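Please look at the sequence and the structure shown here, and then follow how its sheet, its helices and its pocket are described in the report below.

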Amino acid sequence: MFYLILIILLVVLVVGPSYWVKHIMEKYSQPDDRYSGTGAQLARILLDQANLQQVRVETTELGDHYDPLEKVVRLTPDKFNGRSLTAITVAAHEVGHALQDRDGYLPLKMRTRLVQLAAPVEKLGAGILMLVPLVVALVRAPLAGALFLAGGLLTLGTSTLVHLLTLPMEMNASFVRALPLLEQGNYLKQGDAPHARRLLKAAAWTYVSASLMTLLNIARWWAIIRR
């Protein structure tokens, strides 16, 4: 019974934030014509006002984000073309990251570097995990397998660490950058400010949610290796 309760708590802790973020984003995606301009149009306006004409606004299927290397704000089609409160707010959040980049915001610089390092390391970790059964079978040394397993789990966990370390940066983009832009520019309709705050909090927690989901991937590998 104890282990069942523990498993349920772990599932809630891992899946809960992801579900909450998705719920908030979807909730304020309707009505989809609440604003006269699209998320992409607002992003362009905010960037121009910040003298960031060199930063492009593009559509993507890989999730809303700002690319500090390419100097691009990328929005998914529903945000890029959408006119909902979600589209407007998420666009402002990503512009917030562009402002951080302009101002030389140290946490953004650190995260950019960490992401560059984490991507190849994570791939290496997955490769190591796939080799664990083969190594154990060839050398018949449990220690060798344990070393490969430990290395693989640690490298897979790098993305989790990166995401968790970026929460302060995300909160800064939401509440120090994006929210003042929306409020001072009077871009929000009357009564939308409290809802925009919830959306900005959800946008900031997106990466934390992703990091927790990564823990499930590590657990899955662990279960495979133990078979």
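In this predicted model, helix H4 (residues 85–102) lies across strands S2 and S3, and runs at about 25 degrees to S2. Helix H2 (residues 39–49) lies across S1 and S3, and its direction makes an angle of about 165 degrees with S1.

The strands that these helices cross belong to an open sheet of 3 strands, which has the order S1-S3-S2 and mixed pairing. Strand S1 (56–59) and strand S2 (65–67) are the edge strands, each of which pairs on one side only, and from one strand to the next the twist averages 25 degrees. Between S2 and strand S3 (residues 72–75) the pairing is antiparallel, over 3 bridges, and Asp67 stands opposite Val72 in S3.

We now turn to the pocket. The largest pocket has a volume of about 620 Å³, and 25 residues line it, of which Gly63, Asp64, His65, Tyr66 and Tyr207 are the closest to its centre. The elements that each give two or more residues to this lining are S2, H4, helix H5 (106–139), helix H8 (167–184) and helix H9 (193–226). Which element gives the largest share of the lining? That share, 5 residues, comes from H5. The table sorts the lining of the largest pocket by class.

| Class of lining residue | Count |
|---|---|
| Nonpolar | 11 residues |
| Polar | 8 residues |
| Charged | 6 residues |

Strand S2 thus links the two parts of this report, as an edge strand of the sheet and as one of the elements that line the largest pocket.

Terms used
Residues numbered from 1 in each chain as written. Predicted model: local features only at pLDDT ≥ 70, side-chain atom pairs only at ≥ 80, totals over all residues. Heavy atoms only, no water. Pairing = 2+ DSSP bridges. Helix = DSSP H or I, 4+ residues; strand = E, 2+ residues; numbered from the N terminus. Axes fitted to C-alpha atoms, helices over the stretch in contact; angles between N-to-C directions. Contact = heavy atoms within 4.5 Å. 1 Å grid on protein atoms, 1.4 Å probe; cavity = no way out; pocket = protein on both sides within 12 Å on 5 of 7 lines; lining within 4 Å. Points joined across faces, edges and corners; volume = space filled by probe spheres on them. Nonpolar A, V, L, I, M, F, W, Y, C, P; charged D, E, K, R; others polar.
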